[in-house]
Amino acid sequence: AAIGVPIAVGSSTNSLAGNTYTSSEPSGCLTFRWQSDASLNAPGWAARIVTAPNPGDNTSANLCATGPSVSLFSLLSGDPDPGGTWKDPLGAPHSDLFDPTIDPAGNWIYTQSGPAPCPPANATLTIAKILAPDAGTDGTLSVCANDAPVGLFSALGGTPDAGGTWIGPGGAAHSGVFDPAIDAAGVYTYTVVGSSPCLTASATVTVTINQPANAGINGSITVCSNGAPFSLFAQLG
């Protein structure tokens, strides 16, 4: 109460025992100022101070949608008291363990029940799930040495995200378009960078270069009708 405005008036017929007073100050402090009419001496007074529950501060967290399970309590801020209870964004009770692969994003409510006469206190943890990058699955590509250039992206398996980067067998950056005339066979790595806290994802394409068939060049021979048998293969250029 403001200075000069009594919060309670006791007397020999109006005991203040058992009354409860709650601080409205951010610090939680209560200051008592006693004023007596001096009509009667009394032995004094006593108070029991009860600390209100602290559920922490409202906060938010970003989690990768394919990440591991995490303790919701560990994501709270403001030095919360342990031992409270959780409700999911739909208001259903939930354990402290959050599984990003199945649990929904949204506002999660942590409730800390305090000792009487303090009422329960809540904190809101707003969770956003970040979509993990998808680089697809490892694939293979077999080309002929005289084939036209071909895109490596189509050789990946799964459903890879576009916009990633390629690295060739020697570790140098690559365009992602394989040209058998100038590019080396080997493992080409495709990488998609994830948004924090999701990690980067990678997949590979293993390229094999096959040499084209060689039938030689046209040849000719003149033979006698009664000549000996001969190899046609030897007559090719």
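Phe73, Trp86 and Tyr110 come together in one aromatic cluster, and this small group is a convenient place to enter the structure. The model examined here is a predicted one.

Across the model, the count of aromatic pairs comes to six. A pair of aromatic rings is described by the distance of the centres and the angle of the planes. For Trp86 and Tyr110, the ring centres lie 4.9 Å apart and the planes meet at 45°; the pair is tilted, because stacked rings would need planes under 30 degrees apart and edge-to-face rings over 60. The two partners come from distant parts of the chain: Trp86 belongs to strand β3 (residues 85–87), Tyr110 to strand β6 (residues 106–112), and 24 residues separate them. Are these two residues buried or exposed? Both Trp86 and Tyr110 are buried.

A second pair, Trp166 with Tyr190, can be described in the same terms. Here the ring centres are 4.9 Å apart with the planes at 40°, so this pair is tilted. Trp166 sits in strand β10 (residues 165–167) and Tyr190 in strand β13 (residues 186–192), so the contact between the rings ties together parts of the chain that are 24 residues apart in sequence. Trp166 is buried, as is Tyr190.

These strands can now be placed within the whole chain. The protein chain contains 14 strands and zero helices. Read from the N terminus, its elements therefore follow one another as β-β-β-β-β-β-β-β-β-β-β-β-β-β, each being a strand.

What radius of gyration does the protein chain have? The value is 40 Å, whereas a compact globule of 237 residues would have one near 18 Å. Along the principal axes, the C-alpha atoms fill a box of roughly 155 × 30 × 25 Å. Of the 237 residues, 24% count as buried, and Trp86 and Tyr110 are buried, as are Trp166 and Tyr190.

Contacts within the chain also reach across the sequence. Among those between residues at least 6 apart, 56% join residues at least 24 apart.

Turning to the surface, the protein chain exposes about 15,800 Å², and carbon and sulfur atoms supply 56% of that area. Charge can be summarised as well: the chain carries 4 positive and 15 negative charges, and the mean positions of the two sets are 26 Å apart.

Key
Residues are numbered from 1 along each chain as its sequence is written. This is a predicted model: local features need pLDDT of at least 70, side-chain atom pairs count only at pLDDT 80 or more; totals for chains, interfaces and linings use all residues. Side-chain values use heavy atoms; hydrogens and water are left out. Helices (H or I, at least four residues) and strands (E, at least two) are DSSP runs, numbered from the N terminus. The radius of gyration is taken over C-alpha atoms; the globule rule is 2.2 Å times the number of residues to the power 0.38. Buried means under 20% relative accessible area, exposed over 50%, partly exposed in between (1.4 Å probe, protein chains only). Contact means heavy atoms within 4.5 Å. Accessible areas come from the Shrake-Rupley method with a 1.4 Å probe; for residues, only the protein chains shown count as cover. Lys and Arg count as positive and Asp and Glu as negative; His and the chain ends are not counted. The place of a charge is taken as NZ of Lys, CZ of Arg, CG of Asp or CD of Glu. Rings of Phe, Tyr and Trp (its six-membered ring) pair if their centres lie within 6.5 Å; planes under 30 degrees apart count as stacked, over 60 as edge-to-face and the rest as tilted.
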